[in-house]
Amino acid sequence: MKIWIMTDLEGVAGVFSFEEHTTPKGRYYELARKLLTQEVNAAIEGALESGAEEILVVDGHGYGGINIEDLNEKANLLSGRPLLLPWALDRGFDAAFIVGQHAMAGVESAHLSHTESHTSIQNVWINGIKVGEIAIVAAVAGYFNVPLVLVTGDKAACLEAKSLIPQIETVAVKEGISHGAAISVTPTKARKMIKEGAKNALKKVNEIEPYKVEVPIELKVEFTEESKSSAEILSRKSYVKKVDTRTIKIEDEDLLEALKKWWL
Ligand SMILES: [Zn+2]
């Protein structure tokens with residue numbers, strides 16, 4: 001069994017602040033990377049005990065969130081930028097996990113929620129439905145027939161994952177009290193919960209369908225007011241339509257092509 005693990009930093013137990021934990025200038029950035037790496041190790045241990053033979057970890061947080069020195073030696077790491085699609089998902093994986101995930105932009109009681117960038121993106125829709133990073137990762141995995149079976153993160157991220165994939169296993173390691181504050185379990189507790197979650201997820205791997213997005217794809221991206229120049233620049237491309245001063249639309253027969261047209 002081959003397992004693919006996407007990782008992010010904002011949904012990790014003990015990570016509380018964009019400024020202090022998730023950027024290299026923050027005083028707790030090294031701590032946050034350590035906390036994420038240990039949560040990923042817990043998921044890896046759960047996967048190994050469930051029969052996984054090959055594990056690829058993807059360092060998905062913008063600035064990087066994995067400390068490879070501390071990563072379980074049974075896994076390999078995909079990192080560096082740009083992290084081009086399809087993030088190695090075309091290499092025949094049996095199941096996907098997301099560890100350390102936050103909810104999409106604009107959700108109530110969601111800790112550190114955003115979609116791709118908390119400074120530049122307001123909202124993203126695929127086929128008229130508002131989506132966050134979970135749906136995007138689930139859809140790219142689903143494109144390669146890989147089911148997303150585990151999401152760990154804050155409670156709002158877990159609810160978001162369940163709304164897309166009802167049978168998915170989720171592990172909520174904290175609960176947002178506001179966008180900037182949360183009640184978190186301790187890292188030690190989080191690791192125990194995540195290891196159990198990984199085992200539970202792999203028990204039902206054959207019952208969870210890959211998440212598929214219907215074609216043709218309509219991808220709409222609304223930038224924030226301060227980043228609306230991104231909409232202006234993108235809308236000069238022939239394949240991008242301008243919806244309003246800060247919103248663009250891309251239509252394509254293929255999900256990956258649509259996403260590449262946004263990110264390139
Ligand atoms: Zn993220």
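Ile168 is buried, with a relative accessible area of 0%. In this predicted model, the residue belongs to the loop between α4 and β8. Leaving aside neighbours within four places in sequence, Ile168 is in contact with Leu148, Val149, Leu150, Val151, Ala161, Lys162, Lys204 and Ile208. The C-alpha atoms of Ile168 and Glu209 are separated by 9.6 Å, although these positions lie 41 residues apart along the chain when counted as a sequence separation.

**Helix α4 and its surroundings**

The loop that holds Ile168 follows on from α4 and leads to β8. Within α4 (155-164), the residues Ala156, Ala157, Cys158, Glu160 and Ala161 are buried. These buried residues pack against β4, α3, β7 and β8 (169-176). Ala161 is also one of the residues in contact with Ile168.

**Helix α3**

Helix α3 spans residues 133-143. The helix is mostly covered, as ten of its eleven residues are buried. The buried set consists of Glu133, Ile134, Ala135, Ile136, Val137, Ala138, Ala139, Val140, Ala141 and Gly142. Their packing partners are β1, β4 (95-101), β5 (121-126), β7 (148-154), α4 (155-164) and α7. After the helix comes Asn145, whose phi is positive, near 60°.

One of these partners, α7 (residues 255-263), has an axis that comes within 10 Å of the α3 axis, and the two cross at roughly 135°. The two helices are therefore oblique to each other. On the α3 side the contact is made by Ile136, Ala139, Val140 and Tyr143, and on the α7 side by Leu255, Leu256, Leu259, Trp262 and Trp263. By class, this contact has nine nonpolar residues, with no polar and no charged ones. An α-helix has 3.6 residues a turn, so residues three or four places apart point the same way.

**The zinc site**

Which residues coordinate the zinc ion? The donors are Asp8 (OD), His102 (NE2), Glu133 (OE) and Glu133 (OE), at 1.9 to 2.7 Å. Glu133 is thus listed with two OE donor entries. The four donor atoms subtend angles of 53 to 148° around the zinc ion, which makes the arrangement irregular. In sequence the donor residues follow the spacing D-x93-H-x30-E. Asp8 lies in the loop between β1 (2-7) and α1 (18-21) and Glu133 in helix α3, so this pair ties together parts that are 125 residues apart in sequence. Both Asp8 and Glu133 are buried.

**Backbone features in the loops**

Most residues other than glycine have a negative phi, and most peptide bonds are trans. The exceptions listed below lie in loops that adjoin β4. The table gives each feature with its place.

| Site | Backbone feature | Place |
|---|---|---|
| Arg81 to Pro82 | cis peptide bond, omega near 0° | Pro82 in the loop between β3 (75-78) and β4 |
| Leu85 to Pro86 | cis peptide bond, omega about 5° | Pro86 in the loop between β3 and β4 |
| Trp87 | positive phi, near 55° | loop between β3 and β4 |
| Glu116 | positive phi, about 70° | loop between β4 and β5 |

The loop between β3 and β4 holds Pro82, Pro86 and Trp87. Are Trp87 and Glu116 buried or partly exposed? At 7% relative accessibility, under the 20% cut-off, Trp87 counts as buried. Glu116, in the loop between β4 and β5, is partly exposed, with a relative accessible area of 34%.

**Helix α2 and a distant segment**

Ala42 is found in helix α2 (residues 29-49). With a relative accessibility of 5%, Ala42 counts as buried. Apart from neighbours within four places in sequence, its contacts are Arg191, Ile194 and Lys195. The C-alpha atoms of Ala42 and Gly197 are separated by 9.4 Å, and the two residues are 155 residues apart along the chain.

Notes. Residues are numbered from 1 along each chain as its sequence is written. This is a predicted model: local features need pLDDT of at least 70, side-chain atom pairs count only at pLDDT 80 or more; totals for chains, interfaces and linings use all residues. Side-chain values use heavy atoms; hydrogens and water are left out. Axes are lines fitted to C-alpha atoms, for helices over the stretch in contact, and angles run from 0 to 180 degrees between N-to-C directions. Helices (H or I, at least four residues) and strands (E, at least two) are DSSP runs, numbered from the N terminus. Angles under 35 degrees count as roughly parallel, over 145 as roughly antiparallel, 65 to 115 as roughly perpendicular and the rest as oblique. Contact means heavy atoms within 4.5 Å. Ala, Val, Leu, Ile, Met, Phe, Trp, Tyr, Cys and Pro count as nonpolar, Asp, Glu, Lys and Arg as charged, and the others, Gly among them, as polar. Donors are N, O and S atoms within 2.8 Å of the metal (3.2 Å for Na, K and Ca); water is not among the atoms, so sites may look incomplete. Four donors count as tetrahedral if all angles lie between 85 and 135 degrees; four count as square planar and six as octahedral if opposite donors are over 155 degrees apart and all others between 65 and 115; anything else is irregular. Buried means under 20% relative accessible area, exposed over 50%, partly exposed in between (1.4 Å probe, protein chains only).
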